Amino acid sequence: QVQLARLFSQRREHGTENPENAEARSPAETENEENTALVHASPDVPIDTIEDEAPIINLMNSIFLEAISKNASDIHIETGKTGTTVRFRLDGFLVPMQTVQASVGRALAARLKVLAHLNVLEQRLPQDGRIELRTAHLTLDVRISIVPAALGESVVLRILPDTMLPLSLQELGFSDEQIRLVMPFLHLPSGLVLITGPTGSGKTT
């Protein structure tokens with residue numbers, strides 16, 4: 001992260017000293033550099049304005065904390081014509097929570113890439129990763145998927161409690177008769193078991 005910050009600092013310095021370099025950069029590249037510099041800036045900056053790092057970190061943390069408090073299974077961050085919408089998946093339904101400016105949405109995506117150790121510069125290819133979040137009482141494993149879209153990047157975060165232990169078939173609600181039917185298949189040397197159902201129905205569990 002420090003190396004990335006130094007790299008972009010050098011690129012900005014060379015760009016201002018050399019007009020040819022400044023003209024060669026596209027507006028998208030310039031904005032991407034600003035977003036990357038934003039998420040790597042000093043944490044001691046006051047949180048009064050959105051141009052500094054602290055507001056983005058504060059906003060992302062507040063989104064995570066609100067999702068945890070509402071027991072959301074997913075966080076969707078999507079950029080559209082009117083801005084970036086943050087939605088939570090609650091009981092299988094996507095519920096809009098807030099809408100921010102598109103520039104803020106891009107900064108949130110860059111921040112998440114840093115947390116997941118993904119390529120901050122890549123905006124044309126899908127990326128997947130994971131983030132480990134710690135609160136005072138629990139540890140969360142967050143799976144992140146970033147997909148390029150028409151108006152920006154679509155980010156999906158799946159929140160998984162790290163303390164969730166594997167459950168037995170009895171604890172999952174299988175009856176004795178169902179277990180008797182399933183167990184022989186689990187001992188076969190080859191085969192495929194399909195677990196299907198809508199989002200939030202318990203397939204991962």
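Here are some worked exercises on the predicted model shown above.

**Exercise 1. Get your bearings**

Task: Work out how many helices and strands the protein chain has, and in what order they run.

Solution:
- Step 1. Count the elements: the protein chain has six helices and six strands.
- Step 2. Walk from the N terminus, and you read α-α-α-α-β-β-β-α-β-β-β-α.
- Step 3. Now check the cover. Of the 205 residues in the protein chain, 29% are buried.
- Step 4. Look at the outside too. About 13300 Å² is exposed, and carbon and sulfur atoms supply 54% of that area.
- Step 5. Finish with the contacts. Take those between residues at least 6 apart in sequence: 37% of them join residues at least 24 apart.

**Exercise 2. Follow a salt bridge across the sequence**

Task: Find the salt-bridge partner of Arg-158, and say which parts of the chain the pair ties together.

Solution:
- Step 1. Use the cut-off: a side-chain nitrogen of Lys or Arg has to be within 4 Å of a carboxyl oxygen of Asp or Glu. A search of the whole structure on that basis turns up eight salt bridges.
- Step 2. Pick out Arg-158. Its partner is Asp-74, with the closest N and O atoms 2.6 Å apart.
- Step 3. Place both residues. Arg-158 sits in strand S6 (residues 152-161) and Asp-74 in strand S1 (residues 74-80), so the bridge ties together parts that are 84 residues apart in sequence.
- Step 4. Ask how well covered the two are. Asp-74 is buried, at 3% relative accessibility, while Arg-158 is partly exposed at 30%.
- Step 5. Look for further partners. Arg-89 joins in: Asp-74, Arg-89 and Arg-158 are linked in a network of salt bridges.

**Exercise 3. Two more pairs, buried or exposed?**

Task: For the salt bridges Arg-87 with Glu-78 and Asp-141 with Arg-143, give the N to O distance and sort the residues by cover.

Solution:
- Step 1. Between Arg-87 and Glu-78, the closest N and O atoms are 2.9 Å apart.
- Step 2. Arg-87 has 22% relative accessibility, so it counts as partly exposed. Glu-78 has 29% and also counts as partly exposed.
- Step 3. Between Asp-141 and Arg-143, the closest N and O atoms are 2.8 Å apart.
- Step 4. Here the partners split. Asp-141 is buried at 7%, whereas Arg-143 is partly exposed at 41%.

**Exercise 4. Take the core apart**

Task: Which residues of the largest nonpolar core touch the most other members, and which element supplies the largest share?

Solution:
- Step 1. The core holds 29 residues, and Ile-75, Leu-112 and Leu-157 touch the most other members.
- Step 2. List the suppliers. Helix H4 (53-69), S1, strand S2 (83-90), helix H5 (102-115), strand S4 (127-134), strand S5 (139-149) and S6 each give at least two residues to this core.
- Step 3. Rank them: H4 comes out with the largest share, six residues.
- Step 4. Zoom in on Ile-75. Leaving aside neighbours within four places in sequence, its contacts include Ile-63, Phe-64, Ala-67, Val-86, Phe-88, Val-155 and Leu-157.

**Exercise 5. Size up helix H5**

Task: What span does H5 reach, and how many of its residues are buried?

Solution:
- Step 1. H5 has 14 residues and reaches 20 Å from its first C-alpha to its last, close to the 20 Å expected at 1.5 Å a residue.
- Step 2. Tally the cover. Ten of the 14 residues are buried, which leaves H5 mostly covered. Among them are Val-104, Leu-108, Leu-112 and Val-114, along with Arg-111 and Lys-113.
- Step 3. Step off the end. His-117 follows H5, and its phi is positive, near 60°.

**Exercise 6. Explore the region around H6**

Task: Find the nonpolar surface patch that contains Ile-195, then see what Leu-169 is in contact with.

Solution:
- Step 1. Met-183, Leu-186, Val-193 and Ile-195 make up the patch, with about 380 Å² of accessible area together.
- Step 2. Ile-195 belongs to the segment after helix H6 (176-186). At 60% relative accessible area, Ile-195 is exposed.
- Step 3. Turn to Leu-169, in the loop between S6 and H6. This residue is partly exposed, at 23%.
- Step 4. Leaving aside neighbours within four places in sequence, Leu-169 is in contact with Phe-174, Ile-179 and Met-183.
- Step 5. Add a distance. Leu-169 and Val-182 are 13 residues apart in sequence, and their C-alpha atoms are 9.8 Å apart in space.

Key: Residues numbered from 1 in each chain as written. Predicted model: local features only at pLDDT ≥ 70, side-chain atom pairs only at ≥ 80, totals over all residues. Heavy atoms only, no water. Helix = DSSP H or I, 4+ residues; strand = E, 2+ residues; numbered from the N terminus. Buried < 20%, exposed > 50% of the residue type's maximum accessible area, 1.4 Å probe, protein only. Patch = residues over 30% accessible without salt bridge, like charges linked within 9 Å, V, L, I, M, F, W, Y side chains within 5 Å. Areas by Shrake-Rupley, 256 points an atom, 1.4 Å probe, with all protein chains shown as cover. Core = buried A, V, L, I, M, F, W, Y, C linked by side-chain atoms within 4.5 Å. Contact = heavy atoms within 4.5 Å. Expected span 1.5 Å × (residues − 1).
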